[in-house]
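Work through the exercises below with the sequence and the 3D view side by side. Try each task before reading its solution.

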Amino acid sequence: MSGSDENLLSFIRASFPSVWALELLLILKGERRAWTSAQLVETLRASELVVSRALDALVAAGLASVDADGAHYLPVDRGVEDFVERIEHLYRIRPNAVR
């Protein structure tokens with residue numbers, strides 16, 4: 001495993017406390033608009049608590065923001081956005097490696 005791969009795995013461990021958080025991020029990224037908590041609960045088929053905790057983790061990791069309109073995909077910089085692109089690709093081809 002390369003140093004770059006190790007950095008990616010470290011980023012995954014630090015940013016996503018659960019698969020719910022990753023799934024939520026991919027929803028926000030896939031349809032870039034304001035998402036209400038109720039919409040995310042319905043789309044993920046998760047509880048409000050799961051969605052709330054996942055959103056808190058994404059905001060803390062610099063991956064999303066929450067405002068009066070709802071939650072948005074909003075990586076803090078291009079480097080973080082590149083990591084998200086790599087994670088999304090890896091999750092699609094090797095989900096167990098990300099989990």
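**Exercise 1. Decide whether Arg99 is buried or exposed, then find its place and its contacts.**

Step 1. Arg99 has a relative accessible area of 57%, so Arg99 is exposed. The cut-offs are under 20% relative accessible area for buried and over 50% for exposed, with partly exposed in between (1.4 Å probe, protein chains only).

Step 2. Before going on, note the ground rules: the model is predicted, local features need pLDDT of at least 70, side-chain atom pairs count only at pLDDT 80 or more, and totals for chains, interfaces and linings use all residues. Residues are numbered from 1 along each chain as its sequence is written, and side-chain values use heavy atoms, with hydrogens and water left out.

Step 3. Arg99 sits in the segment after helix H6 (95-98). Helices (H or I, at least four residues) and strands (E, at least two) are DSSP runs, numbered from the N terminus.

Step 4. Leaving aside neighbours within four places in sequence, Arg99 is in contact with Val19 and Tyr91. Contact means heavy atoms within 4.5 Å.

Step 5. Arg99 and Arg86 are 13 residues apart along the chain, and 14 Å separates their C-alpha atoms.

**Exercise 2. State how many helices and strands the chain has, and in what order they run.**

Step 1. The count is six helices and two strands.

Step 2. Starting at the N terminus, the order is α-α-α-α-β-β-α-α.

**Exercise 3. Explain whether the radius of gyration of the chain agrees with that of a compact globule.**

Step 1. The radius of gyration is taken over C-alpha atoms, and the globule rule is 2.2 Å times the number of residues to the power 0.38.

Step 2. For 99 residues a compact globule would have a value near 13 Å; the chain has 13 Å, so the two agree.

Step 3. The C-alpha trace spans about 40 × 25 × 20 Å along its principal axes.

Step 4. Of the 99 residues, 41% count as buried. Among contacts between residues at least 6 apart in sequence, 58% join residues at least 24 apart.

**Exercise 4. Describe the surroundings of Leu63 and Phe16, two residues that touch each other.**

Step 1. Leu63 lies in the loop between helix H4 (48-60) and strand E1 (64-67). Phe16 lies in the loop between helix H1 (3-15) and helix H2 (19-30).

Step 2. Leu63 counts as buried because its relative accessibility is 0%. Phe16, at 9%, is buried too.

Step 3. Beyond four places in sequence, Leu63 touches residues including Phe11, Phe16, Leu25, Leu58, His72 and Val84. On the same basis, the contacts of Phe16 include Phe11, Leu25, Leu58, Leu63 and Ile87.

Step 4. Phe16 and Leu58 are 42 residues apart in sequence, and their C-alpha atoms are 7.3 Å apart in space. For Leu63 and Asp77, 14 residues apart in sequence, the C-alpha distance is 9.0 Å.

**Exercise 5. Which side chains make polar contacts with the side chains of His72 and Lys29?**

Step 1. A polar contact is a pair of N or O atoms within 3.5 Å; within protein, one must be able to donate a hydrogen and the other to accept it, and residues adjacent in sequence count only if both atoms are side-chain atoms.

Step 2. His72 belongs to strand E2 (residues 70-73). Its side chain pairs with that of Asp67 at 3.2 Å.

Step 3. Lys29 belongs to helix H2. Its side chain makes a polar contact with the side chain of Glu88 at 2.6 Å.

Step 4. Lys29 has a relative accessible area of 11%, so Lys29 is buried. Not counting residues up to four places away in sequence, Lys29 touches Tyr73, Val84, Glu85 and Glu88.

**Exercise 6. Compare Leu26 and Arg45: which is buried, and which is exposed?**

Step 1. Leu26 is found in helix H2 and is buried, at 12% relative accessible area. Leaving aside neighbours within four places in sequence, Leu26 is in contact with Glu88 and Tyr91.

Step 2. Arg45 is in the loop between helix H3 (37-44) and H4 and is exposed, at 76%.

Step 3. The phi angle of Arg45 is near 55°, a positive value in a residue other than glycine.
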